[in-house]
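User: I'd like to learn how to read the contacts and spaces in a model like this one. Could you walk me through it?

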Amino acid sequence: MNYQSTRGKSGESLESAQIIKQGLALDGGLFIPDEIPTLTYDEIESLRSLSYPERAATILSKYLTDYTYEELLIDCREAYCDASFPGGAAPVVKAKDGIFSLELWHGPTAAFKDMALQIMPRLLSRALVKTGEERTALILVATSGDTGKAALEGYKDVDGIKIMVFYPVDGVSRVQKMQMATQTGSNVNVTAIYGNFDDAQTGVKKIFSDSEAVAYLNENGYFFSSANSINWGRLAPQIVYYVSAYCDMLNSGEIKMGDKINVCVPTGNFGNIFAAYLAKLMGLPLGRLVCASNQNNILTDFLSTGKYDRNRDFHCTMSPSMDILISSNLERLLTLTAGKEKTAEYMADLASKGVYEVSADVKAKIDESFCGYFADESETAAIIKKYFNEYSYLPDTHTSVALCAAEKYIAETGDNTPMIVASTASPYKFAADVCASLGLEKPEDDLDALDMLVNATGTEIPYPLKDIASRTIRFTETVKACDMLDAVKKYVNG
Ligand SMILES: *Cc1c(COP(=O)(O)O)cnc(C)c1O
């Protein structure tokens with residue numbers, strides 16, 4: 001199977017190992033497969049009795065055809081092992097009648113990015129071998145907290161790769177800072193910068209496109225690579241858990257083969273929900289795909305009007321991983337519904353004017369599968385309290401946005417098809433806001449919120465966040481944003 005750019009201008013047609021290594025297409029587009037592979041009911045039936053890693057290897061082998069099934073199975077078994085996912089890779093938990101929580105946060109950083117970032121580094125490591133690459137890949141990440149930690153955990157001690165993460169020194173929570181500063185692994189570096197997230201992001205982008213820096217790396221046997229959520233190596237693994245959830249729903253007797261289920265996803269960059277769309281196109285019996293947003297409701301507006309307009313205020317919410325105004329993976333949906341030529345036009349409009357509008361027939365195609373709802377801050381808090389008090393289910397702030405959207409969808413349409421809500425983080429990852437939502441006093445230090453949440457709810461701190469205050473700190477350096485390249489050179493030489 002080959003992959004092409006969503007914008008169709010570069011003429012590239014490449015196998016999966018190459019695009020996982022490369023990330024973006026040369027025309028600035030994202031890679032999508034030439035065709036969507038199929039998944040028959042017989043195949044779903046045969047996946048029912050398999051473990052998560054086995055299900056994952058089967059689905060991935062349909063897309064990554066230049067990897068053998070055996071290679072994928074080894075990688076999936078390592079990525080989704082019990083030690084990394086002691087609560088299961090993607091268990092389905094009944095939250096209340098008709099609403100099921102697909103918990104994607106039992107991995108090493110207690111958030112759903114682990115589902116992709118535990119496997120993608122292994123795919124990249126193999127891609128280096130498959131493409132005859134002799135240099136070491138240096139992954140550079142700018143993070144506002146969560147992605148950096150998930151990337152560090154995924155890339156640590158993977159052959160042929162080193163990773164360096166920059167974060168704003170005063171722009172992450174205490175828990176996030178401790179998580180990163182105590183990172184283990186022989187191929188990792190964490191450096192704080194004076195400035196905000198944008199300074200870190202701009203610094204990393206500048207280094208990527210600095211030809212002198214690229215030459216310097218090359219001389220030293222390195223090349224730059226990124227761990228971005230637009231990389232196909234992060235998207236493909238996300239298709240798996242929707243198929244897996246369907247199998248689990250069959251196994252628990254909630255549905256019969258062929259019954260539809262709806263899906264509601266707390267959305268930022270549109271990666272997670274796009275993976276659900278791919279599962280549906282493959283043949284998984286999914287009904288409506290409900291796109292849930294927080295106060296940054298640009299996608300809700302787009303899905304109801306067909307107009308994507310980023311000229312609006314940016315809100316900092318208690319679901320920060322969804323505070324996004326440019327939803328990169330939406331571009332893949334545009335290509336599948338409007339074609340490459342139109343997509344290139346939309347993206348040019350977005351870059352020059354900050355807005356584009358799809359035609360009525362494209363909107364109609366999108367409407368066949370998608371609809372959007374959003375939750376504001378007080379609705380998000382109220383849902384956390386309601387689900388805990390009435391159903392003994394404690395969601396995090398992002399999952400709560402999705403639960404709220406799911407309830408709005410059901411109330412508005414009366415559609416009682418079973419609804420799977422993607423649960424993207426442990427409540428302990430955002431413990432201070434969860435405590436406040438439950439009506440407790442929000443602690444100054446978010447480390448204190450962990451114990452506070454245990455005492456208030458009787459739930460358990462997930463293993464990645466346990467004893468976090470007492471771990472050994474390895475990384476203490478803070479540099480000026482203008483000195484980031486020097487830090488990279490120092491790391492490469494050290
Ligand atoms: C990244 C993230 C999201 C958004 O996922 P997208 O694939 O970017 O739409 C939602 N919730 C949490 C906790 C996340 O970390």
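Analyst: Happy to! A polar contact is a pair of N or O atoms within 3.5 Å; within protein, one of them must be able to donate a hydrogen and the other to accept it. Keep in mind that this is a predicted model. Here is a case inside the protein: a polar atom of the Thr 399 side chain lies 3.3 Å from the backbone nitrogen of Thr 424.

User: Where is Thr 399 found, and is Thr 399 buried or exposed?

Analyst: Thr 399 is part of helix 18, which covers residues 397-413. For burial, the cut-off is a relative accessible area under 20%. Thr 399 has a value of 1%, so it counts as buried.

User: Let's turn to the ligand. Which residues come nearest to the ligand?

Analyst: A residue counts as near when one of its heavy atoms lies within 4 Å. There are 14 residues around the ligand, and those that come nearest are Lys 113, Gly 268, Asn 269, Asn 272 and Thr 424. Sorted by class, this shell has 5 nonpolar, 8 polar and 1 charged residues.

User: Which atoms of Thr 424 and Gly 268 pair with the ligand?

Analyst: For Thr 424, an N or O atom in the side chain is 2.8 Å from a nitrogen atom of the ligand. For Gly 268, a polar backbone atom is 2.8 Å from a ligand oxygen. Gly 271 also offers a polar backbone atom, 3.3 Å from an oxygen atom of the ligand. As for cover, the ligand taken alone exposes 380 Å², and the protein buries 96% of that.

User: How do I read the empty spaces?

Analyst: A cavity is a space where a probe fits but cannot get out, whereas a pocket is open. This structure holds 1 cavity of 30 Å³ or more. The largest cavity has a volume of about 40 Å³. Gly 268, which we met beside the ligand, is one of the residues that line this cavity, and others include Thr 267, Ser 293, Asn 296 and Met 322. By class, the lining has 4 nonpolar, 5 polar and no charged residues.

User: And what about a pocket: how much space lies in the second largest pocket?

Analyst: The second largest pocket holds about 250 Å³ of space. It is lined by 14 residues, and Trp 105, Leu 394, Pro 427, Thr 459 and Glu 460 are the closest to its centre. The lining of this pocket divides into 8 nonpolar, 4 polar and 2 charged residues.

Technical notes
Residues are numbered from 1 along each chain as its sequence is written. This is a predicted model: local features need pLDDT of at least 70, side-chain atom pairs count only at pLDDT 80 or more; totals for chains, interfaces and linings use all residues. Side-chain values use heavy atoms; hydrogens and water are left out. Accessible areas come from the Shrake-Rupley method with a 1.4 Å probe; for residues, only the protein chains shown count as cover. Ala, Val, Leu, Ile, Met, Phe, Trp, Tyr, Cys and Pro count as nonpolar, Asp, Glu, Lys and Arg as charged, and the others, Gly among them, as polar. On a 1 Å grid over the protein atoms alone, a cavity is a set of points where a 1.4 Å probe fits but cannot get out, and a pocket is an open set with protein on both sides within 12 Å along at least five of seven lines; lining residues have an atom within 4 Å of a point. Grid points are joined across faces, edges and corners, and a volume is the space filled by probe spheres set on the points. Helices (H or I, at least four residues) and strands (E, at least two) are DSSP runs, numbered from the N terminus. Buried means under 20% relative accessible area, exposed over 50%, partly exposed in between (1.4 Å probe, protein chains only).
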